[in-house]
Amino acid sequence: MVQTRKQAREATPVPSASADATPSKQTPPPSAKKPKVSKAKLIEEEDRVTFGVLDLLRVLIGMALFSCTLSYFIIGDSYIWGQEKVARRYWNAIRKTLTTPIYMDEATLALYNGTDPALPIYLSINGTIYDVSAGRSKYGPGGGYSFFAGRDASRAYITGDFKNDLTWDVSGIDEERVQQSLGHWAKFFANHDTYTFVGYLVKTPKANPVEEDKASPPEPEPEHMPDEL
Ligand code: HEM
C-alpha cells in the first residue's frame, strides 16, 4: 500500500508532553540546538566523491611500485630504468643541501690525511671537502692516491703532476682545461656513491704558492702605446 507523506506523518507517534513529565533522554537541551541542514544538502554531501591527499598518495605509491616492478622485469637489475647515476646526483645534492657545511683551514684539513686511524679521511677539490674514508685503500697511508688526502691538490688533478702540483692554486692554467679536468674530478667526488660532502676549505692566501715558472707569465709591455702610433 502506498502511503502518502501526510499519512506517514500521522502514523508516526508524537511524544506528548503529558505522557512523561521528566525530560526525555533523546531530547537535546535547548542550548545544544543543531543548525538546520537541508535534506538536499545532506544527500548532496553523501553523494560527493571525496579524493583526499591520502588517496593521492596511495595512487602515487601504487604507480611507483608498478614502475619499479616493470623496470625490474624489463631492465633486469634496475628498479629505476637504469637511472641510478641521475638518482645519485639528485640524492647527493639533497644530502649536501641538508648538511651544515664545515669550514676548515688547510692546517685542520691536514689532520684528516689518513695517518690517524681514529679520524676520517678528507680531501678537498676546488675548495669543497669530501669524506673519502670509504676509499681508505686509495687515500690512506700506502694507497696509490694518498697524496690527495688532507689537502686540496686541485692543480694536480689537472696536470697529473702528483709531485710538484699538490696545491689548490690553478693560476696560469688555461681556463678551458681547468673547467674540463677539474670539473670532471669535482663531479666525480660530488656524485660518488660512498664519498660524502663535508664542507669548504678556507684557503690561506700564499700558503700554497705556485712556483714562479708555473704561474702565468706577466703580460708583455706593449712596445708602442696606442697614442704613439
Ligand atoms: C691527471 C691524471 C690522473 C688523475 C687526476 C687521477 C686521479 C685518480 C683518482 C682521484 C682516483 C681515485 C678514484 C676513487 O676514489 O675511486 C684514481 C684511480 C685510479 N687511477 Fe688515476 N688519475 C690520473 C691518471 C691515471 C693514470 C695515467 C693511470 C694509469 C696509469 C691511472 C690509474 C688509476 C687506477 C688503476 C685507479 C683505480 C685505483 C683503485 O681503484 O684502486 N690514473 N685516479
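**Ligand shell and aromatic pairs**

Me: What makes up the shell around the ligand, by class?
Reply: In this predicted model, the shell has eight nonpolar, one polar and one charged residues. The residues are Lys 138, Tyr 139, Tyr 145, Phe 148, Tyr 157, Gly 160, Phe 162, Trp 185, Phe 188 and Tyr 195. Lys counts as charged and Gly as polar, while Phe, Trp and Tyr count as nonpolar.

Me: What makes Tyr 145 a donor to the iron atom of the ligand?
Reply: Its OH lies 2.0 Å away. The cut-off for a donor to this metal is 2.8 Å, so Tyr 145 (OH) qualifies. Tyr 145 is the single donor from the protein. Its place is in the loop between α6 and α7 (154-159).

Me: How do you know that Lys 138 makes a polar contact with the ligand?
Reply: A polar side-chain atom of Lys 138 is 2.9 Å from a ligand oxygen atom. The limit is 3.5 Å for a pair of N or O atoms, so the pair counts. Tyr 139 passes too, with a side-chain N or O atom 2.5 Å from an oxygen atom of the ligand. For Tyr 145, the partner is a ligand nitrogen atom at 2.7 Å. Two elements, α6 (136-139) and α8 (175-190), give two or more residues each to the shell.

Me: Why is the pair of Tyr 157 and Trp 185 called tilted?
Reply: The search of the whole structure finds 22 aromatic pairs. In this one, the ring centres are 6.2 Å apart and the planes stand at 50 degrees. Pairing needs centres within 6.5 Å; stacked means under 30 degrees and edge-to-face over 60. The angle of 50 degrees fits neither, so the pair is tilted. It links distant parts of the chain: Tyr 157 sits in helix α7 and Trp 185 in helix α8, 28 residues apart.

Me: Why is Tyr 157 called buried, but Trp 185 partly exposed?
Reply: Tyr 157 has a relative accessible area of 7%. Buried means under 20%, so Tyr 157 is buried. Trp 185 has 33%. That falls between 20% and the 50% limit for exposed, so Trp 185 is partly exposed.

Me: Why is the pair of Trp 185 and Phe 188 called edge-to-face?
Reply: The planes stand at 75 degrees, with ring centres 5.2 Å apart. Over 60 degrees is edge-to-face, so the label follows. Both residues lie in helix α8, three residues apart, about one turn of the helix. Phe 188, at 32% relative accessibility, counts as partly exposed.

Key: Residues are numbered from 1 along each chain as its sequence is written. This is a predicted model: local features need pLDDT of at least 70, side-chain atom pairs count only at pLDDT 80 or more; totals for chains, interfaces and linings use all residues. Side-chain values use heavy atoms; hydrogens and water are left out. A residue is near a molecule or strand if one of its heavy atoms lies within 4 Å of it. A polar contact is a pair of N or O atoms within 3.5 Å; within protein, one must be able to donate a hydrogen and the other to accept it, and residues adjacent in sequence count only if both atoms are side-chain atoms. Helices (H or I, at least four residues) and strands (E, at least two) are DSSP runs, numbered from the N terminus. Donors are N, O and S atoms within 2.8 Å of the metal (3.2 Å for Na, K and Ca); water is not among the atoms, so sites may look incomplete. Rings of Phe, Tyr and Trp (its six-membered ring) pair if their centres lie within 6.5 Å; planes under 30 degrees apart count as stacked, over 60 as edge-to-face and the rest as tilted. Buried means under 20% relative accessible area, exposed over 50%, partly exposed in between (1.4 Å probe, protein chains only).
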